[in-house]
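Let's take a friendly walk through this model, helix by helix. Have the sequence and the 3D view open as you read.

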Amino acid sequence: MDRQHRHDLKHDRFVDEVGALSGKARENQRLLLTIAGALVLIALITYGIFFYRGNQERKGQELLATAITTIDSPLIPATGTAPPEAKYKTDAERTAAAEKQFKDVQAQYGGTDASDVAGIYLARISAAKGDVAGAQKMLQEFIDDHPDHMLVGPARYSLYQLRIENGQAQQVALELDTEFKKAEPVLPGDSLLSLMAHAWEVQGDQAKARETYRRIITEFPDSPYVLEAQRRAGTGA
């Protein structure tokens with residue numbers, strides 16, 4: 001094999017290797033462009049979802065605020081000048097309007113915090129209308145589905161209250177006593193004692209009720225329940 005032939009072979013091999021590398025580079029470039037395009041698409045989708053959810057939450061909160069304003073609004077008095085925010089003559093009329101608004105929040109903005117809060121208000125309305133079973137079901141579902149929600153505490157408190165006032169006072173009193181002894185109870189200690197005292201009252205055991213109210217006064221002197229506990233325990237202010 002002469003020198004020129006060997007040179008031609010090396011040249012051809014060089015050209016082939018460069019061509020192969022160029023082809024791989026083009027393939028990698030296409031792959032990188034594909035990946036980049038996919039990342040951009042994912043980012044756009046993620047932003048779209050985030051924007052949609054944020055927009056849904058904002059609108060849900062606005063409607064929720066309207067519903068809360070409705071249910072807390074003063075009634076039009078039979079005589080005298082009505083305050084500007086008064087729109088309803090009776091509690092039933094006001095409750096019906098608020099109930100519709102809360103249901104609208106859930107129907108239109110399901111999955112948002114606004115919808116969750118609306119559910120608690122609807123449970124309260126159901127209880128007031130005598131649908132205790134329905135109210136308990138809604139509160140329990142909220143607690144089960146949102147164990148870390150900022151409103152799970154009030155929901156638990158309301159559920160305990162409903163159970164106490166509807167035939168489960170003895171069972172609830174035992175549950176509350178067990179819960180109070182835990183290192184990390186589901187409610188603050190003064191809230192548990194307040195519910196426990198109420199449970200004893202419903203059962204007609206005034207001695208245990210007063211004893212429990214006194215525990216609030218002595219063990220939780222800064223509790224918001226203290227004034228009521230003093231009144232019910234007969235200790236005065």
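## Helix H2

The expected span of a helix is 1.5 Å times one less than its number of residues. This is a predicted model, and helix H2, residues 91-108, gives a handy first check. With 18 residues at 1.5 Å a residue, H2 should span 26 Å, and its end C-alpha atoms are indeed 26 Å apart, so the two values agree.

Which residues of H2 are buried? They are Arg94, Thr95, Ala97, Ala98, Glu99, Gln101, Phe102 and Val105. An α-helix has 3.6 residues a turn, so residues three or four places apart point the same way.

## Helix H4 and glutamine 136

Next comes H4, residues 132-145. H4 has 14 residues and reaches 20 Å from its first C-alpha to its last, close to the 20 Å expected at 1.5 Å a residue. Its buried residues are Val132, Gly134, Ala135, Gln136, Leu139, Phe142 and Ile143. Helix H3 (113-128) and H5 are included in what covers them.

Let's zoom in on glutamine 136, which sits in H4. Is glutamine 136 buried or exposed? Its relative accessible area is 18%, and the cut-off for buried is under 20%, so glutamine 136 counts as buried. Setting aside residues up to four places away in sequence, glutamine 136 touches Leu159, Leu162, Arg163 and Gln168. For leucine 159, the C-alpha to C-alpha distance from glutamine 136 is 6.1 Å, although 23 residues separate the pair in sequence.

## Two nonpolar cores

The largest nonpolar core has 21 residues, and those touching the most other members are Tyr160, Ile164, Leu176, Leu187, Leu195, Tyr213 and Ile216. Helix H5 (152-180), helix H6 (189-203), H7 and H8 each supply at least two residues of this core. Take leucine 176 as an example: beyond its neighbours within four places in sequence, leucine 176 is in contact with Tyr160, Leu192, Leu195 and Met196.

Apart from this core lies another, of twelve residues, including Ala67, Val105, Ala118 and Leu122. You have already met Val105, as one of the buried residues of H2.

## Where H7 meets H8

Two packed helices are described by the angle between their axes and the distance between the axes. For helix H7 (residues 206-219) and helix H8 (residues 226-233), the angle is about 145° and the axes are 8 Å apart. Their crossing is left-handed.

On the H7 side, the contact is made by Arg210, Tyr213, Arg214, Ile216 and Ile217, while H8 brings Val226, Ala229, Gln230, Arg232 and Ala233. By class, that contact has six nonpolar, one polar and three charged residues. Tyr213 and Ile216 also appeared above, among the core residues that touch the most other members.

How values were computed. Residues numbered from 1 in each chain as written. Predicted model: local features only at pLDDT ≥ 70, side-chain atom pairs only at ≥ 80, totals over all residues. Heavy atoms only, no water. Axes fitted to C-alpha atoms, helices over the stretch in contact; angles between N-to-C directions. Helix = DSSP H or I, 4+ residues; strand = E, 2+ residues; numbered from the N terminus. Left-handed = near helix turned anticlockwise from the far one by under 90°. Contact = heavy atoms within 4.5 Å. Nonpolar A, V, L, I, M, F, W, Y, C, P; charged D, E, K, R; others polar. Buried < 20%, exposed > 50% of the residue type's maximum accessible area, 1.4 Å probe, protein only. Core = buried A, V, L, I, M, F, W, Y, C linked by side-chain atoms within 4.5 Å.
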